[in-house]
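Here are a few friendly notes to read alongside the model. Take them one at a time, and keep the structure open as you go.

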Amino acid sequence: MKYVVSEKTPKLDLKSAAIVPVFDEDISKSQNARQSLPFAPALEAGLKSGSISPKAGGVHLIRNLAAGKHAPCAIAFAFLGRQVDCDDIFAANTITSAFAAVSGAMPKTVAVHWPLIINTASARTFSSQLCSGLEMSTYKFDKYKSGESKAAKKANPHAQEVIFAAPKQLHAQIRQGAKKGEIIGIAANFARRLANEPANVATPGFIARAAMDMAKKNGLACKVLGKPKLLGLGMNSMCSVAQGSTQEPALVVLEYMGEGKGKPFHALIGKGVTFDSGGISIKPAKEMDQMKFDKSGACAVIAAMGALKQLGIRKNIVAVAPLVENLPSGSAYKPGDIVRASNGKTIEVLNTDAEGRMILADALAYTVKNYKPETILDFATLTGACVIALGDVASGLFSNDDALAQSVAEAANAAGERVWRLPLWREYDSKIKSEVADMKNVGESGQAGPAAGASFLKEFVGKSKWAHIDIAGTAWLTKPKNGMAAGATGVGVRIALEHASSL
Ligand code: BES
Ligand code: MN
Ligand code: ZN
């Protein structure tokens, strides 16, 4: 989409729509004071008749306004609640929902009235997160719906142009933010396209080829290590997960040299389980289809790598994505197995469904050994307990370094994704103590699952500053939310790119 700014309320016609943010403070004003709001008469009428109930986060769509000069085909009021309670993420998500709502009227242009509390202090960041969200609202996974391409487009139309109506002194910042947000949103949509592919298509080999294509297009170095190489490097922990499947494992390694040779690396690591049946510790049938998204972390880091150059990031970044399929079979790894990971540590497998940490263990050890990165961020759909704790609202954040945790949280906030830090105290280490090996792959059942997973991963990061982002609850949506279609959300792409720009 094209993003432009305009000082005056743009001239609207039937091919355009408008979005008006409304705060509780606007509602409690006198009717007279409200007259300055765009489309005030429509708001007044709705409030008076009771057809508009201004609930924070809600959107009120009006189509077929009385025809007249400058009548758009649709307007949407985006209710942002009380100003003191409204943060950037809430405002951007609500406006994006409004954008999705007006899109049903198929406007060519959408005018977005700028929420005026977003002033010079944060206009650039807000514009970036809002535009990435708007960009993401234009994508839907419909490529396998045959013969319906036209109808599908109709159901998922999007405008060609967004006009921000905002005070002149904010224009430069809004423009800069929009440029960045558009790049980030397009990258997130790439991650979503990959993650939405079903497991019969998106095998480890398929994702590895997608990474190679992406690298070729963007001038990045890309290596894919296959099974013989992985076994040769002693990556038995990762390979043991793959051994139940006919699909061979693959490790994708992508390098972006934004600072130049000899300068330090920063690492992005993504869990890539193309299908997680649980293996011998098999999952229940209900909703097992969702486990095609268990590769979302890998898709996120691969897609993020493709946007670094466009964002002008001047750091060296390496992305490592271990790819496997976790299935039960006569050759599958089993509860009770003891495997030696590539850093020499032994792991007692007590549950083959705790496979994410098994593959991340070797990927982390590989990255630490070969790149000695200054920071590591890993993105993984690691634990069902994280879904219980934080739902689809926020990802869990764990870190062995307070400053890094802080900078990741700030990057997430600026990027428009919520993370919430959870503890990684040494007390949790005892959860993964094994009687027969250096560690076991699960903690006590029903106790601190996300922290036990993080404690396990910590064993493989050496002295690197590391942050683990558990995206189990945020990587996919079972129904549309915040203007985003159901399916893969591309979570992690925005955090990774914002964090890379802050390094
Ligand atoms: N991919 C799952 C985590 C998951 C579960 C994501 C549900 C989204 C929804 C992961 O591999 C897994 O199975 N984790 C186990 C770990 C347990 C065996 C310690 C879990 O959370 O049950
Ligand atoms: Mn699992
Ligand atoms: Zn998994």
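**Notes on the metal sites and their surroundings**

1. A good place to start is the zinc ion (ligand 3): its protein donors are Lys271 (NZ), Asp276 (OD), Asp294 (OD) and Glu355 (OE), which lie 2.0 to 2.4 Å from the ion. Please keep in mind that this is a predicted model. Along the chain, the donors of the zinc ion (ligand 3) follow the spacing K-x4-D-x17-D-x60-E.

2. What is the geometry of the site of the zinc ion (ligand 3)? The site is octahedral, with angles of 79 to 172° among its 6 donor atoms. For orientation, the ideal angles for six octahedral donors are 90 or 180 degrees.

3. Next, look at the manganese ion (ligand 2). Its protein donors are Asp276 (OD), Asp353 (O), Asp353 (OD) and Glu355 (OE), at 2.0 to 2.2 Å from the ion. The chain spacing for the donors of the manganese ion (ligand 2) reads D-x76-D-x1-E.

4. Why is the arrangement around the manganese ion (ligand 2) irregular? The 6 donor atoms there subtend angles of 71 to 166°, and the arrangement is irregular because of these angles.

5. The two ions are linked through the protein: aspartate 276 bridges the zinc ion (ligand 3) and the manganese ion (ligand 2), and the ions lie 3.2 Å apart. Distant parts of the chain are linked by the pair, with aspartate 276 in strand S10 (residues 272-276) and glutamate 355 in the loop between strand S13 (346-348) and helix H12 (356-371), 79 residues apart.

6. Are the donor residues buried or exposed? Aspartate 276 and glutamate 355 are both buried. For glutamate 355, the relative accessible area is 1%, so this residue counts as buried. Aspartate 353 has 21% relative accessibility and therefore counts as partly exposed; the cut-off for buried is under 20%.

7. Away from the metals, follow helix H7 (residues 171-196) to helix H11 (residues 296-305). Their axes come within 8 Å and cross at roughly 145°, and the crossing of H7 and H11 is right-handed. On the H7 side, Ala187, Phe190, Ala191, Leu194 and Ala195 take part, meeting Ser296, Cys299, Ala300 and Ala303 in H11. Sorted by class, the contact of H7 with H11 has 8 nonpolar residues, 1 polar residue and no charged residues.

8. Where does threonine 203 sit? Its place is in the loop between H7 and helix H8 (204-218). Threonine 203 has a relative accessible area of 12%, so it is buried. If its neighbours within four places in sequence are left aside, threonine 203 is in contact with Gln247 and Thr274.

9. Proline 284 is another loop residue to find, this time between S10 and H11. Its relative accessible area is 64%, and proline 284 is therefore exposed. Proline 284 and aspartate 362 are separated by 78 residues in sequence and by 28 Å in space, C-alpha to C-alpha.

10. Finally, turn to helix H16 (residues 493-502). This helix is largely enclosed by the rest of the structure, because 8 of its 10 residues are buried. The buried residues in H16 are Val493, Arg494, Ile495, Ala496, Leu497, Glu498, His499 and Ala500.

Conventions: Residues are numbered from 1 along each chain as its sequence is written. Chains are lettered from A and ligands numbered from 1 in the order in which they are written. This is a predicted model: local features need pLDDT of at least 70, side-chain atom pairs count only at pLDDT 80 or more; totals for chains, interfaces and linings use all residues. Side-chain values use heavy atoms; hydrogens and water are left out. Donors are N, O and S atoms within 2.8 Å of the metal (3.2 Å for Na, K and Ca); water is not among the atoms, so sites may look incomplete. Four donors count as tetrahedral if all angles lie between 85 and 135 degrees; four count as square planar and six as octahedral if opposite donors are over 155 degrees apart and all others between 65 and 115; anything else is irregular. Buried means under 20% relative accessible area, exposed over 50%, partly exposed in between (1.4 Å probe, protein chains only). Axes are lines fitted to C-alpha atoms, for helices over the stretch in contact, and angles run from 0 to 180 degrees between N-to-C directions. Helices (H or I, at least four residues) and strands (E, at least two) are DSSP runs, numbered from the N terminus. A crossing is left-handed if the near helix is turned anticlockwise from the far one by less than a right angle, and right-handed if clockwise. Contact means heavy atoms within 4.5 Å. Ala, Val, Leu, Ile, Met, Phe, Trp, Tyr, Cys and Pro count as nonpolar, Asp, Glu, Lys and Arg as charged, and the others, Gly among them, as polar.
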